[in-house]
Amino acid sequence: MKIALFLEAYLSQANASATHVSLLAEGLVKLGHEVLIVTTDPETDECYEQDGILYCPAKPSSNLFGQSARVSKLPGLVPFIEAFSPELVHIQTITEVGGLGLKYAQKHQLPVVCTLHDLQDVQEGFGSNRPAVLLNKRQCQMLFKKILSGSDVVTTASQKCAEAAQVLFPCQIHRIPYCVDTERFCPRSLDDPAKEEMRTRMHLTDGKIGFVFSGRLCAETRVEELLACWGKAVATRDDLRLILVGSGPDAAELHERARVLGVGDKVFFAGGLTRDDLSLCFSVCKAFVSASDSITMEAAPIEAIASGLPVVLNPSCANADLIIRGVNGFSYETPDELGDIVKKLAQLDADGEQLMRKLVSKTAASLTDLNQAKALVSCYEMALGRHVQN
């Protein structure tokens, strides 16, 4: 089958849709399908295709992705898409590029699958002032309803996202797994020589014990709340360190906030890491911690679990649904609860930690690229059947 995947931003792979598409495309190719990824690139003035990825010129935006297609350039994508001749369109973002995917499918009478990831722009809008926020919110919601009503099958990995979507547009939504690169994110041997260098990079020398968060440093991920909670949960005398991996619009402000909260010496801002370095970082930490309450299923906590790292999450977030309490993670609501959990994990000896990592990683063993692809192929076949009937 020839499948065209439409999403707004792909190059950085810093969001849920991009990470999902990257793994899905790999799995689909392994199963013998052909894939074209249609996305945007702020560094080009003309549409172009490279290595199975089709790019449209983009402009900076205050939306979730930080960029959006230059609408006047969207028609330039059509000849490339027609040359690929997809048999099915899979829309991944409620954006200009997603809208083009729907328009192309309707013109060529193709089945459409839509996967919902992050509804922030749809629910809240975006912009530099209130009129812009309200206008963009209204336009996003109109496009949201248009795409969902035009889709043969709608899917999501997050039950909370499904519930929020159905408030805006009642429809049937199929749950799919959110899989990760289990070959890259897996438990590492105790004597891996690369670990020592990573400990030094993460300032985990002299017996310090690391707990890690990975994601965008912004209000939506509630990193400021995590800093405040960490400051109350961990005493100065404790050799526990919070490592913040990632970048974002609030990075500088969070540095200052950590100082003001008096947790500057308990927190290390690691900046952005490559995927391989993130996997290695997970291997030298005791747990993944987050205060996020997002309804979006994020890759980082699942990658941590696949690496054998238990997760400590806000029970309100989408990823909390994956927690098997006491097996692959814990949930907390207060600083005292967070403190109790991290201190118990910090006390694990080498044998206990190794056993824990094996147990944790087993809970993500099925979340592979092939299983991701197989789950979506089932949705594609359902969409093909419904499209024929209609």
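Helix α13 gives the largest share of the lining of the second largest pocket, 4 residues. That is where I'll start. Keep in mind that this is a predicted model.

Look at the pocket itself. About 320 Å³ of space lies inside the second largest pocket. It is lined by 19 residues, and the closest to its centre are Lys195, Arg199, Ser283, Glu353 and Arg357. Find those on the screen.

Which elements build the wall? Helix α13, residues 350-362, is one that supplies at least two residues. Helix α7, residues 194-201, does so too. Then come two strands, β10 at 209-214 and β13 at 285-289, each with at least two lining residues.

How many lining residues are charged? The lining has 8 charged residues. Beside those stand 6 nonpolar and 5 polar ones.

Stay with α13, and go to Leu359, which is found in that helix. Leu359 helps make a nonpolar surface patch. Its partners there are Ile324, Val327 and Leu355. The patch covers about 340 Å².

Is Leu359 buried or exposed, or in between? Its relative accessible area is 44%. Buried means under 20%, and exposed means over 50%. So Leu359 counts as partly exposed.

Now a contrasting case, Leu77. This residue lies in the loop between β5, at 67-69, and α2, at 78-84. Its relative accessible area is 0%, so Leu77 is buried. Take Glu49 as a reference point. Glu49 and Leu77 are 28 residues apart along the chain. Their C-alpha atoms are separated by 9.2 Å.

Next, enclosed space. How do we find it? Rolling a probe the size of a water molecule over the atoms shows where empty space is left. The count here comes to 1 cavity of 30 Å³ or more. About 60 Å³ of space lies in the largest cavity.

Who lines that cavity? From the early part of the numbering, Ala16 and His20 are among the lining residues. Thr115, Leu116 and His117 are there as well. So are Thr156, Ala157 and Ser158. Ile176, Tyr178, Thr296 and Met297 complete the list.

Two elements each supply at least two of these residues: helix α1, at 16-30, and strand β7, at 112-116.

What classes does the cavity lining hold? There are 6 nonpolar and 6 polar residues, and no charged ones. Set that beside the pocket, where 8 lining residues are charged.

To finish, go back to α13. This helix supplies 4 residues to the pocket lining, and Leu359 of the surface patch is found in it.

Key: Residues numbered from 1 in each chain as written. Predicted model: local features only at pLDDT ≥ 70, side-chain atom pairs only at ≥ 80, totals over all residues. Heavy atoms only, no water. 1 Å grid on protein atoms, 1.4 Å probe; cavity = no way out; pocket = protein on both sides within 12 Å on 5 of 7 lines; lining within 4 Å. Points joined across faces, edges and corners; volume = space filled by probe spheres on them. Nonpolar A, V, L, I, M, F, W, Y, C, P; charged D, E, K, R; others polar. Patch = residues over 30% accessible without salt bridge, like charges linked within 9 Å, V, L, I, M, F, W, Y side chains within 5 Å. Areas by Shrake-Rupley, 256 points an atom, 1.4 Å probe, with all protein chains shown as cover. Salt bridge = Lys/Arg side-chain N within 4 Å of Asp/Glu carboxyl O. Buried < 20%, exposed > 50% of the residue type's maximum accessible area, 1.4 Å probe, protein only.
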